[in-house]
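Reader: Could you take me through the charged side chains of this model, and how they pair or gather? I would be glad of a connected account.

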Amino acid sequence: MRPVLWLIGGTSEGRSLIKELAGYPIDLYVSVATDYGASLIEAQDNVTVMAERMDLAAMRAFLKEHKPLYTIDATHPYATIVTATVQEACEAENCQYLRLVRPAAEGGDYITVADFQEAVELLNSVEGNIFLTTGSKNLPDFTGVTNYAERIALRVLPMESSLQMATSLGYKNANIVCMQGPFAKDLDIATFKKFNSKYVVTKDSGKAGGFDEKVAAAKEVGAKLIVVGRASEERGADYNGTVAILKEKLDELLH
C-alpha cells in the first residue's frame, strides 16, 4: 500500500513541496480553500487536489479514511483558525502533524502593529492615501478608516469573490488592483506611485510572500510601511527542514 501524505494550504511553499514529492510513489492529497487556489497547482499523477473549506469534523473524517503518514500544514502564517483546527484534528486522530513555518521578518524601517484594529487606529491619526496589501479577508476592518473610500486603494487576488467583497463594502473600482503575487519591487513601486500612497499596510508574509520587496518599494516612494504582526511565534520547520523530514521518512519506508 502506497504511503499517503496530506498537504493543507495553497501557499507558494506548498506548491513547491508538491514538486519536491512528485517523483515518490506516494498518494499526495492537497487541500486548498478555493477553486482559484486549485488552479495554481500543476497536475501530477500522484496528486489529488481538493478545493473546499473543511471544518473539524470533515478533517477528522478525512484522517480516518486515508490515514496519512503525515499531515503537512502549509497554510499562510495568518490562517490561525485553520492551523488550530488541523492541529486539533491530528491530535484527535493520532496523526503526525508537520507545520511548515514561513520565517518572520527580522525587523526594519517600518511600524509594527499588533492587529488590524490597531492599524485602523493608526491610520485615523494620520493623513494621506493608503494602499492595502493585506488581502480581502480583512477589508471590513478598514472601513473603520475615516473617508476610507477616498483614501484607500487595495490589491486582492484575481477572484470574483474578492472583487465583489471590496465593491460591496464601498471601495471604489478604480482603486482596486486584482493580481496574483508575490510581486517584484519595481511593480510595487509603480503601484504605490500610481495611487500616491503615503502609507502601505501589509502582513509579515516573509520572504516567500514578497515582504522584502514591499519594504524596499515603500522606502523608494517615501511611503511609511505599516506591518500587522503575527498572532504568535509558531513552532515548526522551515521549507528546507520540512522537505528533509519528509524525504528522510519516505526514503526509509520505500528503500
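Author: Happily; here is a look at the salt bridges, then at a charged patch and the nonpolar core. This is a predicted model, so local features need pLDDT of at least 70 and side-chain atom pairs count only at pLDDT 80 or more, while totals for chains, interfaces and linings use all residues. Residues are numbered from 1 along each chain as its sequence is written, and side-chain values use heavy atoms, with hydrogens and water left out.

Side chains of opposite charge can pair when their charged atoms come close. The structure holds 8 salt bridges (a side-chain nitrogen of Lys or Arg within 4 Å of a carboxyl oxygen of Asp or Glu). One of them joins Arg 2 and Asp 27, at 3.3 Å from N to O. Arg 2 sits in the segment before strand S1 (4–8) and Asp 27 in strand S2 (residues 27–32), so this pair ties together parts that are 25 residues apart in sequence. Helices (H or I, at least four residues) and strands (E, at least two) are DSSP runs, numbered from the N terminus. Arg 2 is partly exposed, at 40% relative accessible area, and Asp 27 is partly exposed at 27%. Here buried means under 20% relative accessible area, exposed over 50%, and partly exposed in between (1.4 Å probe, protein chains only).

Another bridge links Glu 93 with Arg 60, at 2.6 Å from N to O. Glu 93 belongs to the loop between helix H4 (80–92) and strand S5 (97–99), and Arg 60 to helix H3 (residues 56–66), so they connect parts 33 residues apart in sequence. Arg 60 is partly exposed, with 31% relative accessibility.

Lys 172 and Glu 150 also form a salt bridge, with their closest N and O atoms 2.8 Å apart. Lys 172 lies in the loop between helix H8 (160–168) and strand S9 (176–178), whereas Glu 150 is in helix H7 (residues 148–151), so the pair ties together parts 22 residues apart in sequence. Lys 172 is partly exposed at 37%, as is Glu 150 at 46%.

Asp 115, Glu 118, Glu 121 and Asp 141 form a negative surface patch (residues with over 30% relative accessible area and no salt bridge, like charges being joined within 9 Å). Asp 141 is part of helix H6 (residues 139–142) and is partly exposed at 33%.

Finally, the largest nonpolar core (buried Ala, Val, Leu, Ile, Met, Phe, Trp, Tyr and Cys residues joined through side-chain atoms within 4.5 Å) has 23 residues, of which Phe 142, Ile 152, Leu 154 and Tyr 171 touch the most other members. Among the elements giving two or more residues to this core are helix H5 (116–123), H6 and H7. H5 gives the most, with 4 residues.

Conventions
Patches are made of residues with over 30% relative accessible area and no salt bridge: like charges are joined within 9 Å, nonpolar side chains (Val, Leu, Ile, Met, Phe, Trp, Tyr) within 5 Å. Accessible areas come from the Shrake-Rupley method with a 1.4 Å probe; for residues, only the protein chains shown count as cover. Lys and Arg count as positive and Asp and Glu as negative; His and the chain ends are not counted. The place of a charge is taken as NZ of Lys, CZ of Arg, CG of Asp or CD of Glu.
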